[in-house]
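Opened the notebook again to look up one pocket and one residue. Here is what I went after.

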Amino acid sequence: MTDPTRARIRGRPVADTEYGPVRGTDDGTVKQWLGIRYAAAPVGELRWRSPQPPARWQEVADATVAGPVCPQITDPRLPLDLGGRQGEDSLVLNVWAPSGAGDGAAKPVMVWVHGGAYVLGSGSQPLYNGRVLAAEGDVVVVTLNYRLGPFGFLDLSEFNGRPGAKGLRFDSNLGLRDVLSALHWVRDNIAEFGGDPDRVTLFGESAGGGIVTTLLASPAAEGLFHAAIAQSSPATSVYDAERSRTVAAQFLERLGIAGDDVGRLSGMSVPGILAGAKAVFDAVPTQTPGLLAFAPVVDGDIVPEYPVAAAQEGRTHAVPLIIGTNEHEATVFRWMKSPLMPVTPDALRSMFAAIAAEQPGLQLPTEAQITSAYAGLRPKAIGLGMARDIGFRMPTLWFAEGHSTVAPVYLYRFDFTTPMLRLLRLGAAHATELPYVWGNLVAGPKDPTFKMGGLKHGRAVSARVRRRWVSFATTGQPAGALGEPVWRPYRRDDRATLVIDKHDKAVADLDRDLHAAWGSQILNFR
C-alpha cells in the first residue's frame, strides 16, 4: 500500500496504517516511528471503557515525537524519565525497524510491555529505545503504552447498570485490554513497517511480565503472538472480583464518592483521581503485606482463571516461552524502603497468616520447611530470599512447570552484576537485566552502574542476551553463538536452567532446594 517514492523522502519514511498514514525518520540504519495512535483517547465516557478504534485520518500524521504517557502515581524514590508528557490520550505505540525492512523478507516482530508495578512507566522510556535491538538483531521492535493504576486496573464493573452510573459502562482489566488492542494493531499493520505478523514475540518485565503470563492464559489473546518472554513476572499477583471490589470501595471512599454517584468519576480531574489512587496504593500493601492495590483480576472474561493454575492444568496458549528471574529480586525493594514486597520477618509472617486466613484449606509449608532452603544465611538475607521467591521465583517455576506440558519452555536466572551494584548491596536486583536486553547500558552521565568498572563484561553479557532473545523471536529457540552453552528446554526430569552471568552456564535443577521447601502448591492471595 505504501508509495515507495513518498516513503523515503529525505529520510522520512511513511507507512500506511489502517487508520491513516504516519511519517517517521530514517537515519540509514534504523527507521523509527513514535507516538502512533492505536486506540481512541480514553477520556470522558471512554475513561473506564475497553479501548475503541481511533478516528481515521487522511493527512500524513507526524510520528517523530513520542506521544503522551498514561497519567500515573509518582514516587520520588524512583525518578523515571517517561520519555513523554503525561496525558490521558496515551494509547500510542512506537516502532523501530532496520532501514532495509520492507525491501525483502518480513522481519520477526518483538512487542514490549513495560513494567512498573501496574502503576508506573511507559513504552517511551529511553531505556526501551529499540534502535540497538532492531539494528543488531534485524527485527522490528514495538513498544506500547497501556493504562496504569486506577485508569488500567481499577475494577468498577460491579456498578454497571446501577442508577448512580448514569448510563456509563465500566469494563474490567483495561490495561490488559489495551495491550490486546495494540496486539491487534500489530497483527493488522506491522507488515507496512517490514514486520512479519506471523512471527510476533510478546515480551515484558515485572508488571509487563505479569501481563505476558496473564495473556498466555487469556482466550482473547489466542493467535495474537507466537512466542513469549516473561522477565521477573509476578505471575500470582492476579486477584478475584471480591478483592477488586474491596479496592474499588477504598478508592471511592478516598475520593468521597458514594456508590450511587459513581458516574462522577468520568468527569473528575486527573490529579484528584491520582491522589486517591496513591493513598490506596500505599495503604493496601501496608495493611496486607504482599498484596497490590492495582493488578489484573479474574473477571470471567479477559482473565477467566488464575494464570498459574491455568498453566499447571495445561490450558495456556501453546507458544514457546522464555521465563526467568534475577538472583536478587528483592534487594531494590529493601533499598527503596518500598512496602510492595514483604522483606522483614514480621511482614512475611503477616502475609502468610493472611493467605492462610482467606484460604483455610491451603496447606502452607511449615517455617522449618521454608527456612531449610536458606540454611546458613543471615536473618535479613533469609527475608530477602523468601520475598524474592514468593513474589517472583516460585511463581515463575510453577508457571514454567505447567506450561512446559504444552510448549517448549526455556528457564533462566540472571546473576550478572557490577562492582558498584555489589557495593550498594543490590546485586542482580529486580530490573537490572533490562539494559542488557535492550543494549542501552549507560543511562546518562549520572548512571552509577559502571562507575567502578564492569562495562566490558556488561557489553559481552548484553550481546549474548540479545542474541538469544532475537534468536528466540526468529526461530522459537534461544540459540547462542558457537561455543556458548546450549540452553535446553525445561523438562521435569532435569529442570534445565541457563544462568546468565559473566560466563553463562547451563545447570540442571538449579532450584532443587526451593522446590523441596515450597512445593508445587500455588501460594497466592485470591
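My entries on the pocket come first, then those on the residue.

**Entry 1, the pocket.** I am working with a predicted model here. I looked up the second largest pocket and got a volume of about 630 Å³. Its lining runs to 31 residues. Nearest the centre I noted Glu327, His328, Leu377, Gly385 and Arg388.

**Entry 2, who lines it.** Which helix gives the most to the lining of the second largest pocket? I found that helix 12 does, with 7 residues. I also wrote down the elements that each supply at least two lining residues: strand 11 (321-326), helix 9 (331-336), helix 12 (379-403) and helix 16 (512-518). Then I sorted the lining by class and got 15 charged, 9 nonpolar and 7 polar residues.

**Entry 3, Glu329.** I went to the loop between strand 11 and helix 9, where Glu329 sits. Is Glu329 buried or exposed? Its relative accessible area is 0%, and the cut-off for buried is under 20%, so I put Glu329 down as buried.

**Entry 4, its neighbours.** Leaving out residues up to four places away in sequence, I listed Ser232, Arg388, Phe392, Ala428, Ala429 and His430 as touching Glu329. Arg388 was already in my notes as one of the residues nearest the pocket centre. With His430, the Glu329 side chain makes a side-chain polar contact of 2.6 Å.

**Entry 5, a distance.** I also checked Glu329 against Asp155, 174 residues apart along the chain, and their C-alpha atoms are separated by 29 Å.

Note on methods. Residues are numbered from 1 along each chain as its sequence is written. This is a predicted model: local features need pLDDT of at least 70, side-chain atom pairs count only at pLDDT 80 or more; totals for chains, interfaces and linings use all residues. Side-chain values use heavy atoms; hydrogens and water are left out. On a 1 Å grid over the protein atoms alone, a cavity is a set of points where a 1.4 Å probe fits but cannot get out, and a pocket is an open set with protein on both sides within 12 Å along at least five of seven lines; lining residues have an atom within 4 Å of a point. Grid points are joined across faces, edges and corners, and a volume is the space filled by probe spheres set on the points. Helices (H or I, at least four residues) and strands (E, at least two) are DSSP runs, numbered from the N terminus. Ala, Val, Leu, Ile, Met, Phe, Trp, Tyr, Cys and Pro count as nonpolar, Asp, Glu, Lys and Arg as charged, and the others, Gly among them, as polar. Buried means under 20% relative accessible area, exposed over 50%, partly exposed in between (1.4 Å probe, protein chains only). Contact means heavy atoms within 4.5 Å. A polar contact is a pair of N or O atoms within 3.5 Å; within protein, one must be able to donate a hydrogen and the other to accept it, and residues adjacent in sequence count only if both atoms are side-chain atoms.
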